[in-house]
Amino acid sequence: MAPRANWKGFLRLSLVTCPVALFPATSDSEKISFNQINRSTGHRIKYLKVDAETGEEVSADDIMKGYKVDSDTYIEITRDELDAIALESTRTIEIDQFVPKSEIDDLYLVRPYYIVPDGKVGHDAYAVIRETIRSMDRVALARVVLTNREHVIALEARDNGLMGMLLRYPYEVRDAADYFDDIQDVKITKDMLDLAKHIVEQKSGHFEPDTFEDHYETALTELINKKVAGQPIAAKARPRGDNVVDLMEALRKSLGQSEKAAPAAKKSAASEQSDKAPAAKPARPKKRKSAPGQKEMLLPISGSGAGKAKEEPAKGKKLARSVAGSKARKAG
């Protein structure tokens with residue numbers, strides 16, 4: 001199922017306008033999530049809206065928006081009053097300015113979105129705006145209303161589309177001086193700096209996000225599979241963060257470890273290449289479908305014997321999926 005748009009409206013550059021839809025560029029839905037459960041009954045916890053003083057449940061019709069004036073006083077803000085101050089950016093992404101991307105401080109970056117043409121019309125106007133931004137090597141600063149709030153959004157060309165990055169307002173960014181002023185001004189010797197640079201050179205590479213591994217997510221998957229299989233859970237020893245007494249000696253040891261690891265990694269990669277004949281790059285495996293609200297267990301469950309695993313090849317997969325299945329049956 002295609003994702004739903006978070007916002008639909010118009011993108012406008014001066015008199016050039018086109019209908020667009022805005023989609024989140026990132027998602028956390030693939031991560032393992034947990035439900036809160038009543039320990040005594042095994043049922044899920046349900047949250048109710050209750051009066052803070054009486055403890056009684058309040059219906060949706062009796063709930064209004066209020067602004068706290070003092071400790072016990074609130075003023076009501078009605079839906080009509082909010083609609084009366086609705087901004088043009090509620091339905092239009094209006095481009096106000098073009099700036100160099102390098103001038104945008106990373107502290108102001110919030111969340112990326114994909115902006116695409118909405119429907120069959122307006123693709124030519126969309127292309128004009130996209131290619132203008134690309135050719136000028138700038139990002140376009142615009143305004144958009146999301147969740148009843150106006151945000152500044154920076155638009156830039158990406159492939160054959162546009163990416164929008166929500167930006168923070170200055171009042172949302174804390175002053176670094178409040179945190180960095182107490183950092184001691186220490187003198188670093190040239191020898192220390194040279195050793196540290198050598199370590200960096202040994203660990204240098206390229207940004208390849210496909211190689212990132214979420215070790216905590218993997219550990220969670222292992223834990224859940226073991227719990228489903230009824231296997232014992234053993235606590236793993238945590239790494240110790242010992243205080244560095246001799247910084248120079250620590251740098252030398254770190255450099256030695258890096259130099260040993262680098263040739264080993266190169267040798268391993270070279271041997272793997274020599275064992276394989278030249279071949280086309282393998283296609284990425286398709287994402288597996290998972291039950292709503294629960295990520296599929298990706299790791300096989302280890303059995304007590306290899307022979308038994310061969311006799312029942314599908315048992316591991318069935319058992320690994322049983323967490324979501326059993327909960328769905330209970331809910332039904």
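Buried means under 20% relative accessible area, exposed means over 50%, and partly exposed lies in between. The model used in these exercises is predicted.

**Exercise 1. A nonpolar patch**

Find the place of Val-69 and decide whether Val-69 is buried, exposed or partly exposed.

*Solution.*
Step 1. Val-69 sits in the loop between β3 and β4 (74-77).
Step 2. The relative accessible area of Val-69 is 48%, so this residue counts as partly exposed.
Step 3. Now look at the surroundings. Tyr-67, Val-69 and Ile-75 make a nonpolar surface patch of about 310 Å².

**Exercise 2. A negative patch**

Name the residues of the negative surface patch, then place Glu-56 and class its exposure.

*Solution.*
Step 1. The patch is formed by Asp-51, Glu-53, Glu-56, Asp-70 and Asp-72.
Step 2. Glu-56 belongs to the loop between β2 (16-24) and β3 (65-68).
Step 3. Glu-56 has 54% relative accessibility, so it counts as exposed.

**Exercise 3. A salt bridge between distant parts of the chain**

How many salt bridges does a search of the whole structure find? Work through the one between Asp-118 and Lys-8.

*Solution.*
Step 1. The search finds eight salt bridges.
Step 2. In the bridge between Asp-118 and Lys-8, the closest N and O atoms are 3.8 Å apart.
Step 3. The pair links distant parts of the chain, 110 residues apart. Asp-118 is in the loop between β6 (109-117) and α2 (123-136), and Lys-8 is in strand β1 (residues 7-13).
Step 4. Check the exposure of each partner. Asp-118 has 26% relative accessibility and therefore counts as partly exposed. Lys-8 is also partly exposed, because its relative accessible area is 43%.

**Exercise 4. Two strands and a network**

Describe the salt bridge of Asp-96 and Arg-143, and name the network that contains both residues.

*Solution.*
Step 1. The two side chains meet with an N to O distance of 2.6 Å.
Step 2. Asp-96 lies in strand β5 (residues 92-99), while Arg-143 lies in strand β7 (residues 139-146). The pair links distant parts of the chain, 47 residues apart.
Step 3. Asp-96 is partly exposed, because its relative accessibility is 47%. Arg-143 is partly exposed with a relative accessible area of 29%.
Step 4. Add Glu-150. A network of salt bridges links Asp-96, Arg-143 and Glu-150.

**Exercise 5. A salt bridge within a helix**

Which helix holds both Lys-190 and Asp-194, and how many residues apart are they?

*Solution.*
Step 1. Both residues lie in helix α4 (residues 190-202).
Step 2. They are four residues apart, about one turn of the helix.
Step 3. Their side chains meet in a salt bridge, at 2.8 Å from N to O.
Step 4. Compare each value with the cut-offs. Lys-190 has a relative accessible area of 61%, so it is exposed. For Asp-194 the value is 27%, so Asp-194 is partly exposed.

**Exercise 6. Contacts of Asn-6**

Where is Asn-6 found, and which residues is Asn-6 in contact with, leaving aside neighbours within four places in sequence?

*Solution.*
Step 1. Asn-6 is in the segment before β1.
Step 2. With a relative accessible area of 45%, Asn-6 is partly exposed.
Step 3. Set aside the neighbours within four places in sequence. Asn-6 is then in contact with Leu-22, Pro-24 and Tyr-113.
Step 4. Turn to Phe-23. Asn-6 and Phe-23 are 17 residues apart in sequence, and their C-alpha atoms are 5.6 Å apart in space.

Conventions
Residues numbered from 1 in each chain as written. Predicted model: local features only at pLDDT ≥ 70, side-chain atom pairs only at ≥ 80, totals over all residues. Heavy atoms only, no water. Patch = residues over 30% accessible without salt bridge, like charges linked within 9 Å, V, L, I, M, F, W, Y side chains within 5 Å. Areas by Shrake-Rupley, 256 points an atom, 1.4 Å probe, with all protein chains shown as cover. Salt bridge = Lys/Arg side-chain N within 4 Å of Asp/Glu carboxyl O. Lys, Arg positive; Asp, Glu negative; His and termini not counted. Charge placed at Lys NZ, Arg CZ, Asp CG, Glu CD. Helix = DSSP H or I, 4+ residues; strand = E, 2+ residues; numbered from the N terminus. Buried < 20%, exposed > 50% of the residue type's maximum accessible area, 1.4 Å probe, protein only. Contact = heavy atoms within 4.5 Å.
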